[in-house]
Amino acid sequence: MDTPLWRWSATQLATAIRTRQITSREAVSASLDRIAAINPDVNAVVSVQAEEALAAADLADRMVAAGTTLGPLHGVPVTTKVNVDQRGLPTTNGVVAFKDNIAKDDAPVVANLRRAGAVIIGRTNTPAFSMRWFTDNDLHGRTLNPWRPDRTPGGSSGGAAVAAATGMCAIAHGNDGGGSIRYPAYCTGTVGLRPSFGRVPAFNGTAPGERQLSLQLISVQGAITRNVEDARLALAAMAAPDPRDPWHVAMPLEGPRLDHPGVAVCLDPAGVGIAPEVEAAVRKAAAILHQAGYEVTWRDPPDVAAAAGAWNDLAQGESRVTLAAQVEQHGDALARRAFALMMNRTPELDVAGLIRLSSVRATYLRRWQIFMQEHPLVLCPVAMETALPYGVDLESDASVDRLYRSHIFLFATAFLGLPSISVPTGVHEGIPIGVQIVGPRFREDLVLDAATAIEHAAAQAAPSLST
């Protein structure tokens, strides 16, 4: 008990609560106290459910005392993002006009967290419409990166990443349609797991209709944590089936064991430019995996630039049709400016283009799957430079192009629906840095194992705000 409970991992908390070393009320109270102390400076948690959380913690403790069967996250404090439904609370998505958009039911990922025994203590910030790489909006305000306030904490799960990084929660829920879990984790020195498409069920009853096709095929629900072990625990809790998601696939969380799995290491296959510190981080991680017994080969996976471009043309092209009117009517000035610049680099999407882009996804994924027969894992940058200065997406067409070049691996892997993880490796000029590991569909276990090897070897250099 010498270490404050807000510093404990989710795994440690769950074990200690189950074995009666601590109570859930103690764990939840520690997180709530941490929010009160830290959140005014960073604005990560925009809605705190203290009374409800303490009541849920007391119930969790009574269940322990009664010998009830307990879930894997029993009594553990977690947060959810304001763009998913949580019963009785508004799904604001960072938009003023949606402040009274009250959810009647929990989204599947929220329901699964509760079913696993987690105690939801608050809601985390996102940019308006969850579409920027900088977490700021007129409804909830700006979330600051606790490492360097002049740099982005990432988006759209910037609030989630900052909450996890600073110890306000043990697990922060997030979602990722183009990097929105992995990039905030990268910017804040946390671990961000993007599961395979179809792994974690999703649905928002507050939405006016079904999501656009690209989001149905690309966007996933996942977690941001302070270590890899907690990411594995969170995935197991979040992945339970839910009939509301027609895309969900109930696959085992563990696949066949691979002895000395192959790792393809790549730096800049599209020639967009890579910062020296990012290259050094990837080389360091490659050496770690080699020492850990992985078969490391320097080889570029196929179609990285093409897949990233297709992500933009499909996801943003559809957004021009499905989202533009809402952004114009309800978006704040930041959202309108960012959206306009995104549209400047996005071609008009007609029926022929939609058919082509929907089809070519299969082509690129097939080529990656063939590639992964020999190299099941790909080690690559999360982004081609460290966390960007605030507001790059608002400046000019050239600055937005810089942003898209930097995030080429995030877009490509999102388009393909592959599981991937951002794991920290160190600090450069006061800002965290890390690497990304990509794996075959539904083999999050391979991705997590490799991330664990990197985490353990880089423990002295990897950043942390909560130790």
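**Exercise 1. In this predicted model, work out where Asn39 sits and what its side chain reaches.**

Solution. Start with the element: Asn39 belongs to helix 2. Next, check the exposure. The relative accessible area of Asn39 is 10%, and the cut-off for buried is under 20%, so Asn39 counts as buried. Now follow the side chain, which gets to the backbone oxygen of Val45 at 2.8 Å. Finally, collect the contacts. Setting aside residues up to four places away in sequence, Asn39 touches Arg34, Ala44, Val45 and Met168.

**Exercise 2. Describe how helix 2 and helix 3 pack.**

Solution. Two packed helices are described by the angle between their axes and the distance between the axes, so get those two values. Helix 2 covers residues 24-42 and helix 3 covers residues 50-66; their axes come within 8 Å and cross at roughly 160 degrees. Angles over 145 degrees count as roughly antiparallel, so that's the label for helix 2 against helix 3. For the handedness, helix 2 passes helix 3 in a right-handed crossing. Last step, the residues: Ser24, Arg25, Val28, Ser29 and Leu32 make the contact from helix 2, while helix 3 brings Ala50, Ala53, Leu54, Ala57, Asp58, Ala60 and Asp61.

**Exercise 3. Lay out the sheet, and say which strands stand at its edges.**

Solution. Read off the order: eleven strands make an open sheet, running 1-3-2-4-6-5-10-11-9-7-8, with mixed pairing. The edges are strand 1 (45-48) and strand 8 (295-298); each has a single partner strand, so one side of each has no neighbour in the sheet. From one strand to the next, the twist averages 30 degrees. Then add what packs on the sheet: helix 13 (residues 351-374) touches strand 7 (262-265), strand 9 (377-380) and strand 11 (431-438), and its direction makes about 100 degrees with that of strand 9.

**Exercise 4. Take strand 11 and find its pairings and its burial.**

Solution. One side first: strand 9 pairs with strand 11 in the antiparallel sense over three bridges, and Val378 has Val438 as its bridge partner in strand 11. On to strand 10 (residues 420-428), which is also antiparallel to strand 11, over eight bridges. There, His428 has Ile431 as its bridge partner. The hairpin of strand 10 and strand 11 has two residues between the strands, and Glu429 takes a positive phi near 50 degrees in it. As for burial, eight of the eight residues of strand 11 are buried.

**Exercise 5. Is Arg182 buried or exposed, and what surrounds it?**

Solution. Arg182 lies in helix 6 (residues 182-188). Its relative accessible area is 0%, so Arg182 is buried. The side chain of Arg182 reaches the backbone oxygen of Leu410 at 3.2 Å. Beyond neighbours within four places in sequence, the contacts of Arg182 include Asp176, Phe409, Leu410, Ser420 and Gln436. Let's pick up one of these: Asp176 has Val220 as its bridge partner in strand 6. Strand 4 (residues 171-176) and strand 6 (residues 220-225) run antiparallel and are joined by six bridges.

**Exercise 6. At what angle do helix 10 and helix 16 pack?**

Solution. Helix 10 (residues 304-322) and helix 16 (residues 408-416) pack at about 75 degrees, with axes 7 Å apart. The range 65 to 115 degrees counts as roughly perpendicular, so helix 10 is roughly perpendicular to helix 16. Among the residues that meet are Trp311 and Leu314 in helix 10 and Phe409, Phe411 and Phe415 in helix 16.

Key
Residues numbered from 1 in each chain as written. Predicted model: local features only at pLDDT ≥ 70, side-chain atom pairs only at ≥ 80, totals over all residues. Heavy atoms only, no water. Helix = DSSP H or I, 4+ residues; strand = E, 2+ residues; numbered from the N terminus. Buried < 20%, exposed > 50% of the residue type's maximum accessible area, 1.4 Å probe, protein only. Polar contact = N/O pair within 3.5 Å; in protein donor to acceptor, adjacent residues only side chain to side chain. Contact = heavy atoms within 4.5 Å. Pairing = 2+ DSSP bridges. Axes fitted to C-alpha atoms, helices over the stretch in contact; angles between N-to-C directions. Parallel < 35°, antiparallel > 145°, perpendicular 65-115°, else oblique. Left-handed = near helix turned anticlockwise from the far one by under 90°.
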